[in-house]
Each structure stands twice: as structure tokens, then as C-alpha cells.
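Biologist: I would like to learn how to read a structural model feature by feature. Could we take one and work through it?

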Amino acid sequence: TAGPRLPTSRLEDWIGRTETLEDDIYPQPVAAMAATLDRARTPGPGEALPAGWHWMLFNRAAPTGTLGQDGHPPRGGFLPPVDLPRRMWAGGRLVFHEPLSVGDRVRRESTIRQVSAKEGRTGRLVFVLVAHRLSGPRGLAIEEEHDIVYRAAPASGAQPAPPHSAPSGPAPTGAVWSREIRPTPALLFRYSALTFNGHRIHYDHPYATEVEGYPGLVVHGPLIATLLMGLAEDERPQGRLARFEFRAVNPLFDTAPFRVEGAPREDGRTARLWARGPAGELAMNASAEFSR
């Protein structure tokens with residue numbers, strides 16, 4: 001349960017809190033992720049892990065009996081105990097320094113950088129910025145920031161609102177790279193299992209539609225971001241992905257296919273990427289930078 005509501009001034013006490021975890025990149029989960037994403041080839045021992053696949057690591061293994069109604073672990077601990085029931089990973093920024101390889105032992109140092117609150121169209125919102133530094137045998141591998149948004153539950157019968165405060169409009173045109181994604185329940189369940197994500201909106205259809213009011217199962221934001229990074233890596237195999245930034249704009253569901261798309265910019269080193277929803281709406285905005 002959420003517990004007593006803490007004023008934002010108390011939640012701000014979590015700023016500066018740190019956590020250090022270690023994990024191993026085992027071959028079997030890597031093979032399972034390759035199968036989940038329908039990749040033609042599985043990286044073997046010693047080979048580089050594709051961008052975004054590190055999100056399989058460091059996932060909190062809370063006992064099942066302690067999970068909340070939504071499937072999330074209890075609030076508090078490293079993350080602040082925000083009393084709002086809906087938690088969304090709304091965006092992030094990644095800098096890739098050195099590859100992580102299958103078989104590596106990885107260390108992650110995490111810090112709460114910001115905690116802030118505001119009133120949005122759907123009520124009170126709390127934003128938490130978390131910074132991570134991942135290091136492997138070759139030193140610092142990835143620096144990243146996660147934007148986490150906590151929101152109130154929707155009113156009975158209301159349509160869920162996306163985690164932004166302004167209309168998004170249609171997705172960009174002029175895609176040079178484009179791939180159709182069919183977000184089947186099997187895909188969403190497998191990704192939830194590999195990232196040890198118990199949030200029921202991704203695999204429990206009655207809960208997602210009847211309790212949270214969504215039209216179907218919700219596609220994970222990190223999954224969409226991983227698919228966009230995979231598109232960038234596939235289309236630019238000669239240039240290693242150096243930076244990636246993404247922002248969730250509108251939710252996607254298992255009710256219809258969507259597309260991950262992109263186009264290189266004239267500078268030859270950067271690209272714009274996006275996810276296009278089934279009605280042509282912008283679902284996620286992203287940008288990528290490649291090393292020479």
C-alpha cells in the first residue's frame with residue numbers, strides 16, 4: 001500500500017540517496033531476449049550486448065506477497081514513497097562509453113537527483129529523476145538518467161491520459177527506416193518476465209481494462225525505446241550508438257500494430273527516431289548519436 005501521504009518537502013529528503021548493485025549478464029536471458037524481440041541472431045559469450053538490453057539487469061526481486069494491487073513492489077527504500085498509485089517511466093537519456101558483453105559482471109551506482117511535484121490536467125504529479133552509472137570489466141560503460149512520473153488513478157470511466165501536459169500531434173513524416181511491431185500479449189508478457197516487471201497493466205488484461213481503464217494491455221516504454229535503439233543499430237552498423245534520448249508521448253496498446261521509424265540527419269552522425277501509433281499519432285520521440 002502507499003501508506004501515509006508525505007508532503008513534497010519530505011519526499012525531497014530522498015534527493016542524494018544512493019544505491020549500488022551488481023549483476024551478471026548471463027547467456028540464457030540474452031538468448032531469451034533475442035527470441036522475444038525476434039532477433040535473427042543471439043549475441044554469444046564475449047559479444048556486445050545490444051543497446052537497451054541492460055534493462056534486464058538489477059531488477060528488484062520483491063517477494064510476491066509484498067506486491068501491491070498493481071503488481072509493483074512496496075514503495076520506499078531507494079525510491080521515495082510517493083503515495084500516487086500510477087508510476088510511469090516517461091523518458092530517459094543514455095550515454096554509451098564502452099560495450100557491455102555477454103558474461104560480464106556489471107556494477108550499477110544509482111542516485112536520486114531530483115524530486116518535484118506539480119498539478120497537471122489529471123491532478124497531482126510527482127517527478128523523480130534517477131541517475132545510473134554502469135561499469136563493467138572495461139570501466140564505465142553506460143551513464144543514464146530515468147524520468148519517472150507518479151500520477152493519480154483516473155476517475156471512474158475516464159480515459160487514461162499520457163504522461164505529458166500538451167497535445168502531441170501526429171508522428172513525423174519522411175521516415176527512411178521503418179519497422180512494424182505487433183505488440184502481442186506474448187511479447188509483452190515475455191518482456192515483463194525478462195525485466196522482472198510485475199506491473200499488471202502489461203500482462204493482465206482484465207486488470208488493465210477494468211481497474212486502470214486502459215483499452216488494452218500497455219506496451220512498456222522501455223520496450224519501445226529498446227526497439228528504437230535496435231532500429232538505429234541495425235540501420236547504422238558502421239557507427240556505434242553513442243547517445244540516445246527518448247520521451248514517451250502517448251501510450252501504445254496490444255490492440256493494434258505500431259511502427260518504429262527514423263531518419264538520419266544531414267550531419268551523418270545523428271538521427272531522429274519515433275514510434276508511430278496505429279492512428280498516426282506520435283507515441284515516443286527519440287534521438288540518437290553515433291560514434292565515428
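Modeller: What follows goes through strands, a helix and a pocket in turn. Keep in mind that this is a predicted model.

Biologist: Let us start with the strands. How many residues of strand β4 are buried?

Modeller: Buried here means under 20% relative accessible area. In strand β4 (residues 123-136), eleven of the 14 residues are buried, so the strand is largely enclosed by the rest of the structure.

Biologist: In which sense do β4 and β5 pair, and over how many bridges?

Modeller: β4 pairs with strand β5 (residues 139-151) in the antiparallel sense, over twelve bridges. The link from β4 to β5 is a hairpin of two residues. To follow the register, look at residues that face each other: V128 is opposite I148 in β5, and A131 is opposite E145 in β5.

Biologist: Which strand pairs with β5 over ten bridges?

Modeller: That is strand β2 (residues 86-96), and the sense is again antiparallel. One pair to look up is R86 with its bridge partner R151 in β5.

Biologist: Now a helix. Which residues of helix α2 are buried?

Modeller: Helix α2 (residues 27-36) has V30, M33, A34 and T36 as its buried residues. They lie on the same side of α2, because the arc they cover around the axis is only 160°.

Biologist: What covers the buried residues of α2?

Modeller: The cover includes α3 (185-194). While you are at this helix, check the backbone just after α2, where D38 has a positive phi of about 55°.

Biologist: And a single residue: is A248 buried or exposed?

Modeller: A248 belongs to strand β7 (residues 241-248). Its relative accessible area is 13%, so A248 counts as buried. For a sense of distance, A248 and L140 are 108 residues apart along the chain, and their C-alpha atoms are separated by 27 Å.

Biologist: Last, the pockets. How does one find empty space in a model?

Modeller: Rolling a probe the size of a water molecule over the atoms shows where empty space is left. In this model, the second largest pocket has a volume of about 570 Å³.

Biologist: Which residues lie nearest the centre of the second largest pocket?

Modeller: They are A48, L49, P50, A51 and E233, out of 25 lining residues. By class, the lining comprises 13 nonpolar, four polar and eight charged residues.

Biologist: Which helix gives the most to that lining?

Modeller: Helix α5 (residues 221-235) does, with three residues.

How values were computed: Residues are numbered from 1 along each chain as its sequence is written. This is a predicted model: local features need pLDDT of at least 70, side-chain atom pairs count only at pLDDT 80 or more; totals for chains, interfaces and linings use all residues. Side-chain values use heavy atoms; hydrogens and water are left out. On a 1 Å grid over the protein atoms alone, a cavity is a set of points where a 1.4 Å probe fits but cannot get out, and a pocket is an open set with protein on both sides within 12 Å along at least five of seven lines; lining residues have an atom within 4 Å of a point. Grid points are joined across faces, edges and corners, and a volume is the space filled by probe spheres set on the points. Helices (H or I, at least four residues) and strands (E, at least two) are DSSP runs, numbered from the N terminus. Ala, Val, Leu, Ile, Met, Phe, Trp, Tyr, Cys and Pro count as nonpolar, Asp, Glu, Lys and Arg as charged, and the others, Gly among them, as polar. Buried means under 20% relative accessible area, exposed over 50%, partly exposed in between (1.4 Å probe, protein chains only). The arc is that of the directions from the helix axis to the C-beta atoms. Contact means heavy atoms within 4.5 Å. Two strands pair if DSSP finds at least two bridges between them.
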